[in-house]
Structures are given as C-alpha cells and as structure tokens.
Amino acid sequence: MAGKNTLTSLQQQPAPQEQPKRFSAWLQKVENKNSIVSMIGNENEAGKFISSISSAVAVNPQLQKCDFPTVVSAGLLANALKLSMSPSIGHCYILPFEDKKNDRTVATFVLGWKGYVQLAERSGYYEQLNVVEIKEGEVVKIDNINEVYEFRPIEDDEQREKTPTVGYYAFFRYNAAHGGFFKAIYWSKKKMLRHAARYSKAFKLDAVKSNNPKVARVSYEDYLAGKYPPEDAWKYSSFWYVDFDGMARKTMIRQLIGKWGVMSVDFQKAYESDGGFREELSPDAPIHYSDSRNENEESLGDVIVIDGEPNDEEIAAMAERAGVDNEDEESGSETDGAEQSPAKGKKTGKSTKGQQTVEDAFFNKKN
C-alpha cells in the first residue's frame with residue numbers, strides 16, 4: 001500500500017461547533033480526499049472506497065457522531081484486508097463507541113466471525129476450518145480429555161434451526177503441505193454465557209439492580225423473554241444480545257486459532273485491531289481501545305505468525321501448537337447435551353473417531 005506516511009496531510013477534524021453536517025461533505029474536502037488517494041495509491045480505487053465508506057455511515061447515523069478520521073481509518077483497514085464492510089455479508093463492522101477518557105465518540109473496527117474465517121482460508125494453511133452450533137439432542141459424546149467429539153446432527157434444517165443450542169464446536173486441519181494437523185474444541189452454551197459475562201462490559205448474565213436507570217439491567221433470560229421496557233432497548237444493543245450465536249462463533253475461532261493455530265500477517269493485523277480504533281488515517285497506525293470496547297479482552301498468549309511459506313522450524317512449531325493441552329477448556333465427558341463436569345487429568349492426542357464423525361456431519365453443512 002502506497003503512502004503510509006502521508007498522515008500529516010490529513011485535515012484535522014474541526015471542533016464540534018464547526019463540524020460539517022455530513023460525513024460525505026468532510027470526505028469530499030480536497031485535503032482529505034487527496035490523503036485517501038495517497039493511502040490507497042489509485043484514484044479509481046479510492047473513489048470506490050469513498051463510496052463504500054459513505055454508504056456504511058449512511059446506514060448507521062451514529063457514525064456521524066464519531067471523530068471522522070477514526071471512521072476512515074477503520075474503513076481503510078477493511079479495505080487493506082479486502083473485507084466487505086456490508087453488514088449483510090458480515091466480514092467486519094464499523095461501530096461507534098464512547099471514548100470516555102477523552103469525552104468523544106470514536107469508530108471502532110469490529111471483525112465478524114465470517115471475516116475471521118475468510119482471512120484464515122486465504123492464508124493457505126488450512127484445509128478445513130469450521131464452527132457450528134450444537135443443538136439439543138445432537139450430542140452423543142463430549143470427552144475433552146481425549147478430544148473425542150461425537151454428534152448426531154438433526155437432518156431437517158428447519159427443525160434444527162428451531163431447536164435450542166446447547167454448545168459450540170470448532171475445528172481446523174492444516175493442509176498436507178503444512179503437516180495436516182487437526183485441532184478441535186467444544187464449549188457448552190453455559191460456558192459461553194459465562195465467558196460473555198466475564199469479558200464483555202456490555203453483556204449481563206444476571207440482573208443488575210441500581211437506582212441509576214442507565215445502569216440497571218434485566219437478566220439475559222428476561223431479555224430473551226422480552227421482559228424489559230421498550231425504551232430500554234438501547235441497553236441491549238451489544239452483539240452479545242443481538243446475535244449471541246454470531247459472537248459465540250467468533251469467540252470459538254479466536255480461541256481455536258489464537259491458542260492452537262497459525263496466523264498470516266493479515267490475520268494477525270485483524271486479530272489485534274478487533275475492537276480498536278486508530279486516530280490516524282492508516283491501517284498501520286497505533287491501535288487504541290475505548291472504555292466501552294465490547295469484544296472479549298481475554299489474553300490468548302503468544303501466537304504464531306508466518307509471512308509466506310513456513311520453514312521447517314515453523315512447521316514444527318505448528319505441530320507442537322496443534323497438540324498443546326487444552327488447559328482452559330472444561331475437562332471431562334458429556335453425553336446427551338448435559339453440562340460438562342470438571343475433571344483433572346493429562347490430556348492426550350487427537351481422536352480420529354471424533355474427527356471423522358464431526359467432519360461427516362458438519363463440515364459440508366452451510367451455516
């Protein structure tokens with residue numbers, strides 16, 4: 001990408017009282033438009049980008065309240081990663097968040113689970129990668145100690161869609177050139193709910209009682225039942241409320257690849273930028289995080305990043321990583337959708353039986 005250091009030419013956003021009424025008007029200012037062309041390196045492509053980012057703001061008026069450079073920077077990152085900003089596609093989103101430390105609103109880049117899958121598949125390392133909801137009655141056996149996962153999928157798609165979700169299953173297999181290593185994880189729905197409550201500031205599993213109406217929340221169970229005043233709908237706008245399964249899929253992929261997989265350079269950039277914002281007009285500018293960041297902030301430890309074809313040492317690291325003990329997962333066995341019970345013991349190997357059953361049942365199923 002040309003012109004990484006052209007940021008100083010970007011016209012600073014005016015003070016609130018002088019702020020242009022429309023984002024599109026600000027974009028069309030010569031100074032700002034020229035800076036975008038310099039960043040993208042092609043006037044025609046820059047024109048397409050300006051049209052795309054303008055459409056993204058048009059469908060979300062709240063972005064009009066954001067510092068405009070943060071909006072463009074998030075869009076430039078999506079453009080650099082070749083990810084669609086269309087909400088209907090679900091690769092990534094540009095969302096407004098309050099930066100309480102600086103008393104302003106900023107636009108953050110939020111990667112969707114489909115964006116994670118897209119970047120992983122492009123890397124050339126993965127022969128297979130999938131994440132699915134597991135429905136009530138589909139679980140035959142869950143054994144996280146020996147990594148044996150057996151499911152009996154509901155064949156009728158309409159019936160399956162209506163059946164309650166009891167867990168989430170994700171797996172990958174490197175292609176033959178990279179060793180063919182396989183890794184799979186399963187989380188129960190209860191574990192995912194606890195994860196959301198712990199790492200998302202916006203999601204509340206239990207009711208929150210407070211004399212401050214802005215703080216009070218109903219429980220997640222009551223939210224699902226619609227037991228809250230219509231005027232309080234804004235309190236439950238987090239993706240964890242609006243699209244819990246989508247956030248669960250994203251969490252599973254982050255856990256799976258972040259702990260046991262390998263990342264391309266683009267995947268790492270997206271992974272680190274997820275939920276953050278940049279004040280400068282560049283996908284390579286420093287990342288900041290707002291106080292209200294609603295993505296999980298769990299540290300996943302060191303990651304393996306490979307630029308190009310891996311050498312022998314990197315392939316060995318990939319193999320070792322694929323066999324790492326699943327220390328943070330709930331251990332033990334589960335049958336018929338029951339909650340997992342804690343257990344301790346050495347985790348060993350990968351189950352060919354579990355792999356074959358799940359691949360046959362789910363890998364070719366479109367989600």
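How many aromatic pairs does a search of the whole structure find? The search finds 28. The model is predicted, and the tour below starts with the whole chain before turning to single side chains.

**Whole chain**

Show the protein as a cartoon: there are 13 helices and 10 strands. Of its 367 residues, 49% count as buried. Colour by atom type on the surface: the accessible area comes to about 18000 Å², and carbon and sulfur atoms hold 47% of it. Among contacts with a separation of 6 or more, 67% are between residues 24 or more positions apart.

**Aromatic side chains**

Return to the 28 aromatic pairs and select tyrosine 116 and phenylalanine 267. Their rings form a tilted pair, 5.5 Å centre to centre with 50° between the planes. Tyrosine 116 is in helix α5 (residues 113-122) and phenylalanine 267 in helix α11 (residues 265-273), so this pair ties together parts 151 residues apart in sequence. Tyrosine 116 has a relative accessible area of 0%, and phenylalanine 267 has 2%; because both values are under 20%, both residues count as buried.

Next, select phenylalanine 172 and tyrosine 174. This is another tilted pair, at 5.0 Å centre to centre and 35° between the planes. Both phenylalanine 172 and tyrosine 174 are buried.

Then select Phe203, Tyr220, Tyr223, Tyr228, Tyr236, Trp240, Tyr241 and Phe244, which form one aromatic cluster.

**Charges over rings**

Select arginine 217 and tryptophan 234: the arginine lies over the face of the tryptophan, 5.8 Å from the ring centre. At arginine 254, the charged end sits over the ring of tyrosine 271, 4.8 Å from the centre of that ring.

**Salt bridges**

The whole structure has 11 salt bridges. Select aspartate 67 and arginine 104, whose side chains meet at 3.0 Å, N to O. Aspartate 67 lies in the loop between α3 (43-58) and α4 (68-80), and arginine 104 in strand β2 (residues 104-111), so the bridge ties together parts 37 residues apart in sequence. Add Asp99 and Glu279 to the selection: with Asp67 and Arg104 they are linked in a network of salt bridges.

Move to arginine 160 and glutamate 138, a salt bridge of 2.7 Å, N to O. Arginine 160 is in helix α6 (residues 157-162) and glutamate 138 in the loop between β3 (126-135) and β4 (139-143), 22 residues apart. Are arginine 160 and glutamate 138 buried or exposed? Both are buried.

Finish in helix α6 with glutamate 158 and lysine 162, which are four residues apart, about one turn of the helix. Their side chains meet in a salt bridge at 3.5 Å, N to O, and both residues are exposed.

Key: Residues numbered from 1 in each chain as written. Predicted model: local features only at pLDDT ≥ 70, side-chain atom pairs only at ≥ 80, totals over all residues. Heavy atoms only, no water. Salt bridge = Lys/Arg side-chain N within 4 Å of Asp/Glu carboxyl O. Helix = DSSP H or I, 4+ residues; strand = E, 2+ residues; numbered from the N terminus. Buried < 20%, exposed > 50% of the residue type's maximum accessible area, 1.4 Å probe, protein only. Contact = heavy atoms within 4.5 Å. Areas by Shrake-Rupley, 256 points an atom, 1.4 Å probe, with all protein chains shown as cover. Phe/Tyr/Trp six-rings, centres within 6.5 Å; stacked < 30°, edge-to-face > 60°. Lys NZ or Arg CZ within 6 Å of the ring centre and 35° of its normal.
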